[in-house]
Each structure stands twice: as structure tokens, then as C-alpha cells.
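Here is a short set of exercises to work through with the model open beside you. Try each task before you read its solution.

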Amino acid sequence: MSSPPSFKSLGLIDPLLEALEQVNFTTPTEIQVEALPHALEGRDIIGVASTGSGKTAAFALPILQKLWEDPKGLFACVMAPTRELAFQISQQFESLGSSMGVRSAVIVGGVETIAQSVALAKRPHIVVATPGRLLWHLENTKGFSLKGIKFLVLDEADRLLDMDFGPVIDRILKLVPTERTTYLFSATMTSKVAKLQRASLSNPVKVEVSTKYQTVSTLLQYYLFMPLQDKDTYLVSLANSLAQNSMIIFTRTVHDAGRICIILRTLGLPAVPLHGQLSQSQRLGALGKFKSGSRKVLVATDIASRGLDIPSVDVVINFDIPTHSKDYIHRVGRTARAGRAGKSITLVTQYDVELVQRIEQTIGKQMELWPTDPEEIALLKERVNEAGRVAAVELKEQNANAKGGGNGRKHRRDDGRSREDERDRDDDVVEAGIPTQRKKFKSR
Amino acid sequence: MSLSQNPTTRLLTLLNVSATKAGSKRKWTDEFPAEKLNKRKTARFADSSEADSAPAVVEVVIETPEEPMDTDEPEAEADGEDAYESHFGPTPSLLSESSRAAVDRRAWAASRKTYGKLGSVVELVPEGSQAGPSSESAILERLRTPFKKRQAKQPRDQTELQDDLLSAISSNRDAYLPSTSWEHKKPLREAISLHAINHVTKKRRRVLKNNERLAHAAKADSSASPPEDVQDQGFTRPSVLILLPFRSSALDWFTALTSHTPAPALQVENQSRFLAEYGLSPGMVDKLATAEPGVYPRDHVETFKGNVDDNFRVGVKLTRKSVKMFSEFYGCDIIMASPLGLRRSIEKEKSADYLSSIEVLVVDQLEALTMQNWEHVKFVLSHLNKLPKDSHNADFSRIKPWYLDGHAEYLRQSILLSTLETPETRSLFNTTLKNVAGKMRVEKRWTPVQVPEGIDQNLTHFDCSNPKDEADKRFNYFTTQLLPLVLKSAVQSSNTAVFIPSSFDFIRVQNYFKKYSGVSFAVLSEYSTNQEISRARQAFFTGKKAFILISERFHFYKRYKIRGIRNLIFYGPPEHPQFYTELLSCPFLDEGVEAADVTCRVLYSKYDWFRLERIAGTEGALELIKAA
């Protein structure tokens, strides 16, 4: 390659170049360089690139360019596994397409359907949706169809094509025209051909920026080894020592997310929770607070592990070790985005050693030990345990209140919507890749 | 539709029809025989002469045996300038950013015009917009021809009135007629119902035509995307709402509606059920309707004859060949209901989705609605043209864009009818009607009401600079100035009736009398039972009680003649001008009363303008307000 390619040399039209300038995208990222020429040729694309490398723009730009040539309503449909991701993608479309007057609608669960029906009836150019609610509208909203769409995008495609979303995606695919352009994008891609066939690509180009599942080189990965019973204490000491940074703490269960959030708050660290048992407005509110920087700590389940682009995250802490190495890659991909530096720290107990080794094998790197001061841990222990008890009481009260209001946890999830919505579930209801029934949380 | 042929029961004037079943006792005639009531001395009722001369209302149903008009159903579309299409089409030209902003700012350009028989009219158009053209051709040929034929057989005067109104509302702007006379009610009803049916028919034709286009397109090329310019409906089907106070009013409107759908071409389904439920039950005699003219005041008869239940709602579905009463709300075109009936339905179903797509709103008999519960009217109107909570299986590709954008209220046409104007109805007109096509208000100059000769009317003004304090100021003035003055006088402190227009004020004054005044008093309110009423009247007449407090609603609903009055205090001018005359005539029911024996005091402020205007006449009221 003689000179570094620019957006212009990739063949983008002026309105898009203007918009790119406005959002300060100066040079195309690797995936964009690789994918755009094929996309503008009109090929189907399977795009794999590490986290934070500009995948969203890589599929948004060609779609917007084609839309400019042939403007019409319901032009493209983008599917994403979580609601937050859907909102984020929609924002990106609107900011890149602002000079073209692009309208996009977000169709996700947990929001009133009628307003969405109205939004769809206005024929937005881009529909960004989670699969469950999109299918609901396809089947229940009279007069709405995707028969005219030209583009179908599956973001975090491996997640969408796995067993949980599979049947829904299959039904949606039956309702969209076969003559369309399909893009699959993810940081980790499934190799199983069967799954890819579901997406019924025609003669796709595979664009891979990294061959191996990878974490970016600017990310420093550490682990912290400690006995299980002192896990909370180590976390608090860690959070305390990194207090100036903005961080995401990932937990395996909703319960843990709530509990840790309360513990941290009790000890004077302002934290916000983000998990699937909050209402959609609470979720957006929590995310908003964290993004704006008014809260430095986000305690989240795997709902936040994919796709969310929060540039300022400095540290990712894995409170529970993810059972799948893929999930690990997505989680730590929330930091060190777009060339920035970042740290990830994984808490490892005596039971998790094998899992860590597996992850290390996948990413092809060795994690380093995060240094701790045993005296400090010993000092903190009493206070943390106290906070833990407070948290347990508070959680119990919250549950009792929710049930007293005739609104048990189970009920809250459906909101009176059909069961279809249930499939538009979030990643924390069932552990990723393990489509078994929800496990009862076991306290130690 | 008169049900007067059943001579077993007598209906007086109660809200609840069930209370007037054959068994219930009516004391009215026992206490005060009718012939005595007619014994007037010097008093003359302003409208009694009117009532005498009024021609008996005879329902003439003209059945014009016509060719079945179905063949002309796909009638040639007039042209692009059709009033329905230009206002209620998918992209109305009137609906612009600036016109909506002007309406929201309440920036209206006003102009005065004379509109034939409607009289002087104030036209309001959103600033920067043009008044829409009004044309007679807005009415479909199929409906207009039989209407013209029937018009030929009625007095010229009525025909002209109907034509003037139709041309005024054909441009789909709002119309407010706050001073319609009782003679004009029927012709106005017929003209408005013609407009409503015309609206529904045009809408249906557009939908059918588009259905056909879609079917054609699908047949021609099933893979091609269907045509997109088929946006022709709202979220739900009902597009006309008629708000009415009583079941009898619904019956009147039913008559008016079906007069445009003559029998051979169109069948009325469920007619007998409707007549049974909205008329009086068999075996009841409508005392008001059968009474000799002059026994009861005209307005009282017009308002309360027939079934006066105020809790009802009925859906009317219009199809090519039939008018179906009692159809389900989501499958009907016209909803006729009382505010109470709708409110109960909305609260029960927890949604008012069927009001989301109302395009023509008619509110009739506002004067009776204000005497019922104004809150209900406001409640219902606040639920019009809102985004529905459920899709009700609506086809979203057919919904007009301005519904999707939530702009439906800027296009809804409202037609308000009343015999008199109150601040509530004016504020309804001023603040809640947002039609970008503009609105018009008919003006009327009032002449002073007639009162018995020789009575000294003492109109007392009190100062008030803020409408919010008006009630307090009035109460203070009454308790600190007027009442002490009255109590000082030996003559005036007995046989005194206090007439209180507002129910809120009534309760306040009643409590004050209970606590402080130390005089004996009786109470007549709309909640009084028959027993309480007769006791109160008796006690007042015999002088056991020195004061009697009468609420306006009591007089509106019951119209008793109170005997034994020598002194009258109007806490405020009455809403209904004829009440003033009637009450001032009451003292002369008793033998040997001279006009000089009667005193009358009226308390007023500048905020009583509407009421004062009707009593003192427009010019008189102006002077009174200026003089103060």
C-alpha cells in the first residue's frame, strides 16, 4: 500500500465525508478500509474485527451511500442483540446521515409497542431492532412489512445466530426479501457453517482484520488471585485504588450486580447498576449517568458486554470470570477502544484457574498478576463484610417491595407483553451459550 | 317520535327516569293546582308569548321513493378541490408548521362578517393563513338531492338558515353558535347531521377506492411493493362524535341523521331497540310534552321532555345500505354519547382509543351540559385525538400522516351549539379548539328581559380585579355588606329568597347561613328530595323560615314556583335570563301583592358579563359595567 487510504479514496460521497468530518472520523480504520470497497460493490459481507475498531461505521457508511442513491422508506434493517446496542447503532446512523436527513427508528423490547408502530408507519429509512420485538411487529402490526428492504445487517452476528435468538432470526428471515444485501459483523465469529447458512448469504466476502480472536494490543490484562471468601474485599480494594478511573465491573448474575452496587455505594463509591431487571428507562438512565461521567463505576451483567461504545472506560473488572472465552473478549473490549489504552483485571478464585487458562489460550496472551497489599485487604475486610450485610438486607427489602406490589421479578420482565418479547431477552437471563434454565443463584 | 299516546304516568322533570315510574308519587299538582299557577297578575313572562305562538313541532318524515342510488356509488370524484380531501386528505395544505405554531400561540386574526341567517359572525383564522373557501358542492350529490327536496317543503326561513350554516361549515372550520333559538334547533340539527353523514360517506368512499387500488396492484404484480399513497384513515374507525346531555337529545339526533337516509335505499338496523331505550318506556306519559303550551316555560319543555337519562353512549355504523345502531365502538362511524356515559366507558376500559380519530365533533345543548357536570365534558374533550394505547388491529400503512405526527387535533372540526353562553363554553371555544382551518363564532345582541312592572331592581356592583378572587370577593361583599343591610330591615329580613347561580357558591352561602347568620332559612338545591322540597316550600310560604336559598340548578331541573317571596336577592345574575323573569314574577302568585312590596337586589361584577348581558341587554349591561 503506497499511501494510507482516506475515506475519499474509498469512494464515499460528499455528504458522508462532511458528516465524517463533523464527528471527527479522519482516517478509516482497518475494517473500514477492508470492507467498504466490497460493500460499495454490493457484495454480502462477513466482517470480523476486534472490539472498538469501527465496525458500526463500516456497515453504516455503505448503507447510507446506497440510500443517497435511492432514497426510500424502510431501506435497511439492522439487528442487534441488546437494546442499548440498538440505541447506539441508531445514534451512529443519525449522526453519520445527519446531512442527508436520515430518519431511523429503534424497535426494542420493554417499550410501548404502539409508539413503535407509529414510528414504523412513518417509514423511517433505517430500522434498528432487537429480534424479538421486530418479529412481534412483523407479525402483529398490520401494514408493516420489511418486504422493501435492501439491506439486512446482523451486528454481533455470532450472538444473534446462536441458539437463543436462532428461531426468531429464522422467522424474520422468512419475512424479508431474498434479494437484499446482507452484512454480518462481530468481533468474534462463529465458524459453524450451519449457522451462517441461516443468514442465507449469497456469495459473501469474508473480511477479517484479525485472524485469531484477539484483544487489542493497547489493552493491559491482569488477573488477581484470591480465596473465594475474600472476593468482595479484593474487589473493593481494587475499586478503591482505581477510584479516579471510570470502570465497568462485570458480574455473572443480576443479583450480584445489584449487591455489589450497594456495597460500593455504602462504602462511598458512587456506582450505578445496569442489568436486565431494570426497566428500559432505568437502563438508559444508568447508562446515561455513566457515559456523562457523573458516575464513575458501572456494575453490569453481560447485557453491557457487547458493542457498547463508551470511549472513556479505563478499566474493566471481571468480578466473575466469564464462562466463555468469547465473552471475555467482548467484556474487555469495552475498554481500550479505538487505539486508547485500557486495563482489564479478572478476579480469579481457587475454582476458576482452569477457566483462566482457557481464556489465556484463546487470546494467546498471558495475564499478569495485579499486585495487592495483604495488609490493606485485612484492614478492609471488616468494613466490607458489614457493607455486604447491609446490601443483603436492602436487596431483600427491594424484592419484598416488588412482590408486595404484585410485581414479582418474573412479571416485571414481561410487562404484560407477549412471550415473544421474552426472546428479546438480554444476555443476563441465560448465560451466553448455555441455553439451560435460569440457574438459582447460590450464595456462598 | 312522540310518545305522548301513553296516558298512564306523568313525567315531570327528573334526571332519573326510573324515579318517575307509574307508582312514584307526584305531589306537584296536589299542592299547587295548575289553574292557580296560571293566575298571574301584572307579571308577564317574556317567553310565554313565544311559547303560545310557537307552532307545534310536527315531525314530517318525507319518504321520497327514489331509485336505488347504489349505482352511483363510485360517483365521479368532483375534482381535486374537494373540501374533504383538501382538509382531511393525507397532506392538507392548511397544516403547516407556521399555522400550528399560530394556533398554539393562540394568534388568531379576527374579522367580522354577516353570514345570512346566522347573523353577525366573528371569524378567526390562524395568523398568516387564509380562510378556506366555502362551497355548497361539498355535499355529495346523493345526499344533497333528497335534502333539497325536503327543504322545499319547509319554511323558507329554515331553508336559508340551513344553507347558510352548511356553507359555513363545509370548509371544515369550527363553528360556535352560542345563541341558537329553540325554533332553530331542529333545522340546525338536520343541517349538521347532513354534514356529518357527508363526512363519513366521503371517508368511506376514499377507503373503498384505495382498497380496490391495492387489490388491483396485488393482482397485477404480487411481488412489487404496493402503492404507498393509500393513507386514508385514522387509528380507529369512529370519526364523528356527538356529545349530548340526554337520551332524548340522542333520539332527536337519530331522527335528524336518519332523515338523510331515506327508507328504501337504506335500512335502519336496531331501530326498535333504539326507540325503546331512548324514548320513554311504554305506559309513560310525558307531562311536559303533552301539557298545554304556556303551562311550562318553553325552554324547560324542550330540555326535559322525553327520556332524560344522562348516562348513555351508542355507536352508529353507516354502510352503503344501512344505518346500524348499537354497533361496537371500534366498528362504528358516529358515536352519540353523554359526557358522563363516555367518561364511565373510558374509566372502565382504561382507554379512550375510540376517540383518537374523531374528525368532526358536535356538542349540542351546551346550556344543559353546563348544568350537568362540566368536568365530564372537559374530561372527554381532553381525550380526543390522542395517540391510542392499543393498535386495535389498525393497518398502519393506511393511517394518515398527520395522525402519526400527532397533529389530528389541528384538523378536527368542532361544532358547538348552545342557547346561551357561559364563561366555560367561551373558554372551550377559545382555548381547546385548534383547527387550523379557523373558527367562527356567532354573535348576538341581547335585548333586556321583561320583568313585572314597577319592581325596583337594585343592581349592586362589587369591585373585583381578578377572576380568581371573584368568588371570594362576592362572598365577602354579600356577607359583610349586603346581608347585614337586609337583616337590618324588618321588612326585608323575612320572606326573602336568595338565588345562587353557582353550586359552589351555594354550598358556601348555605354553610354561612348555618353558622353565622342566626336567621331561620330553608334550602332548595338540586339534591333535595321531593319531601324536602315540599317541606322547605311550605315552611317558607307560611313564614316559619325567613329565608330560602335556591340554587340555579334546582330551578333549572325542577322549575317550582315558590310562593311567599317578597324580597329577592340574586347572589349573581342567573345564567338563564328567563329565570330572572320567572323569579321576579313569583311574588305575584300570592293574592294582593303590589309591585311596590317587592324588593330585588342583584349582585354583579364585570366578570358576570355574559349573564348580565342577557338580563339587561347588551347595551344595558355595557352601561352597568361602565358605570361601576
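The exercises below go from annotations to domains, then to the two chains and a salt bridge within one of them.

This is a predicted model, in which local features need pLDDT of at least 70 and side-chain atom pairs count only at pLDDT 80 or more, while totals for chains, interfaces and linings use all residues. Residues are numbered from 1 along each chain as its sequence is written, chains are lettered from A and ligands numbered from 1 in the order in which they are written, and side-chain values use heavy atoms, with hydrogens and water left out.

**Exercise 1. Find the annotated spans and describe their make-up.**

Step 1: UniProt, in an unreviewed entry, lists "domain: UTP25 C-terminal" for residues 452–627 of chain B. Such positions follow the numbering used here, feature names are shortened, and annotations may be inferred rather than shown by experiment.

Step 2: That span of chain B is 47% helix and 17% strand, with its end C-alpha atoms 24 Å apart. Helices (H or I, at least four residues) and strands (E, at least two) are DSSP runs, numbered from the N terminus.

Step 3: In chain A, the unreviewed UniProt entry gives residues 5–33 as "domain: DEAD-box RNA helicase Q" and also as "short sequence motif: Q motif". Residues 5–33 of chain A are 45% helix and 0% strand, and 7 Å lies between the end C-alpha atoms.

**Exercise 2. Work out how the two domains of chain B meet.**

Step 1: Chain B splits into domain 1 (67–442) and domain 2 (456–627), with bounds from an automatic or database domain assignment. Their centres, taken over C-alpha atoms, are 39 Å apart.

Step 2: Domain 1 of chain B brings 16 residues into contact (heavy atoms within 4.5 Å) with 15 residues of domain 2 of chain B.

Step 3: Together these two domains of chain B bury about 1400 Å², 62% of it on carbon and sulfur atoms. Buried area is the accessible area (1.4 Å probe) that two parts lose on being put together, summed over both. On the domain 1 side of chain B, B:Asp299, B:Met371 and B:Leu420 lose the most area, together 41% of what that side buries.

Step 4: Which residue forms a salt bridge with B:Asp299? The partner is B:Arg559, with the closest N and O atoms 2.5 Å apart. A salt bridge here is a side-chain nitrogen of Lys or Arg within 4 Å of a carboxyl oxygen of Asp or Glu. The rule finds one salt bridge across the interface of domain 1 and domain 2 of chain B.

**Exercise 3. Describe the interface of chain A and chain B.**

Step 1: Chain B gives 15 residues to the contact and chain A gives 10 residues. The area buried between chain B and chain A is about 1100 Å², with 62% from carbon and sulfur atoms.

Step 2: How many salt bridges cross the interface of chain B and chain A? The rule finds one salt bridge. B:Asp405 and A:Lys122 meet in a salt bridge at 3.6 Å, N to O.

**Exercise 4. Trace a salt bridge within chain B.**

Step 1: Over all chains, the count comes to 47 salt bridges. One of them joins the side chains of B:Arg206 and B:Glu85 at 2.9 Å, N to O.

Step 2: This pair links distant parts of the chain, 121 residues apart: B:Arg206 sits in helix α8 (residues 185–220) of chain B and B:Glu85 in helix α4 (residues 83–88) of chain B.
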